[in-house]
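Got the structure open in your viewer? Let's walk through it one selection at a time.

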Amino acid sequence: ARVTLTDTAGQTRSVISNGFGAYRFGLLQVGQTYTISVASRGFAFAPLTVSVTGEIQSFDLIAAE
């Protein structure tokens, strides 16, 4: 799946998740808000808006039924 991270200025970065659905974005700014969206064949995901509050954070995105 392609996972896209968008900041409040509209800048985007994308990564491809591995076979287990894991993905990673580095160098995020603490205090910044981002929207995470996923594009995948056969699955639909609602975008998730998150605020980075510390150095290590983990977010799960679950496909809609």
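**Stop one: the pocket**

Start with the lining of the largest pocket, whose residues divide into 19 nonpolar, seven polar and three charged. Keep in mind as you go that this is a predicted model. How many residues line the largest pocket? There are 29 of them, so it's handy to save them as a selection. Now pick out Tyr23, Arg24, Gln57, Ser58 and Phe59, the lining residues that lie nearest the pocket's centre. The space in this largest pocket comes to about 740 Å³. If you like to picture where such a figure comes from, rolling a probe the size of a water molecule over the atoms shows where empty space is left.

Next, colour the strands that feed the lining. E1 and E3 each supply at least two residues of it. The largest share, three residues, comes from E3.

**Stop two: the sheet**

Switch to cartoon view and find the four strands, which form an open sheet in the order E2-E1-E3-E4 with antiparallel pairing. The edges are strand E2 (12-16) and strand E4 (48-51), each of which pairs on one side only. Turn the sheet to look across it: on average, neighbouring strands are turned by 25° against each other, direction ignored.

Now go through the pairs, beginning at the E2 edge:

- Strand E1 (residues 2-7) and E2 pair in the antiparallel sense over five bridges. Select Arg2 and you'll find its bridge partner in E2, Ile16.
- E1 and E3 run antiparallel and are joined by six bridges. Click on Thr6 here, and opposite, in E3, stands Thr35.
- E3 and E4 are an antiparallel pair too, held over four bridges. Thr33 has Ser51 in E4 as its bridge partner.

**Stop three: along E3**

Stay with strand E3 (33-39) and show its side chains. In a regular strand the side chains alternate between the two faces of the sheet. Which residues of E3 point to one face and are buried? Those are Tyr34, Ile36 and Val38. Thr33, Thr35, Ser37 and Ala39 point to the other face and are not buried.

**Stop four: two residues in one loop**

Move to the loop between E2 and E3, where Ser17 has its place. Is Ser17 buried or exposed? Ser17 counts as buried because its relative accessibility is 14%, and the cut-off for buried is under 20%. Show its surroundings: leaving out residues up to four places away in sequence, Ser17 touches Ala1, Val3, Ala22 and Tyr23. You've already met Tyr23, one of the residues nearest the centre of the largest pocket.

Leu27 lies in this loop between E2 and E3 as well. Here the relative accessibility is 84%, so Leu27 counts as exposed. Check the backbone while you're there: phi of Leu27 is near 60°, a positive value in a residue other than glycine.

**Last stop: after E4**

Finish in the segment after E4 by selecting Ala64. Buried or exposed, this one? At 51% relative accessibility, Ala64 counts as exposed, given that exposed means over 50%. Now draw a distance from the C-alpha atom of Ala64 to that of Ala46: the two residues are 18 residues apart along the chain, and 7.3 Å separates these atoms.

Notes:
Residues are numbered from 1 along each chain as its sequence is written. This is a predicted model: local features need pLDDT of at least 70, side-chain atom pairs count only at pLDDT 80 or more; totals for chains, interfaces and linings use all residues. Side-chain values use heavy atoms; hydrogens and water are left out. Two strands pair if DSSP finds at least two bridges between them. Axes are lines fitted to C-alpha atoms, for helices over the stretch in contact, and angles run from 0 to 180 degrees between N-to-C directions. Buried means under 20% relative accessible area, exposed over 50%, partly exposed in between (1.4 Å probe, protein chains only). Contact means heavy atoms within 4.5 Å. On a 1 Å grid over the protein atoms alone, a cavity is a set of points where a 1.4 Å probe fits but cannot get out, and a pocket is an open set with protein on both sides within 12 Å along at least five of seven lines; lining residues have an atom within 4 Å of a point. Grid points are joined across faces, edges and corners, and a volume is the space filled by probe spheres set on the points. Ala, Val, Leu, Ile, Met, Phe, Trp, Tyr, Cys and Pro count as nonpolar, Asp, Glu, Lys and Arg as charged, and the others, Gly among them, as polar.
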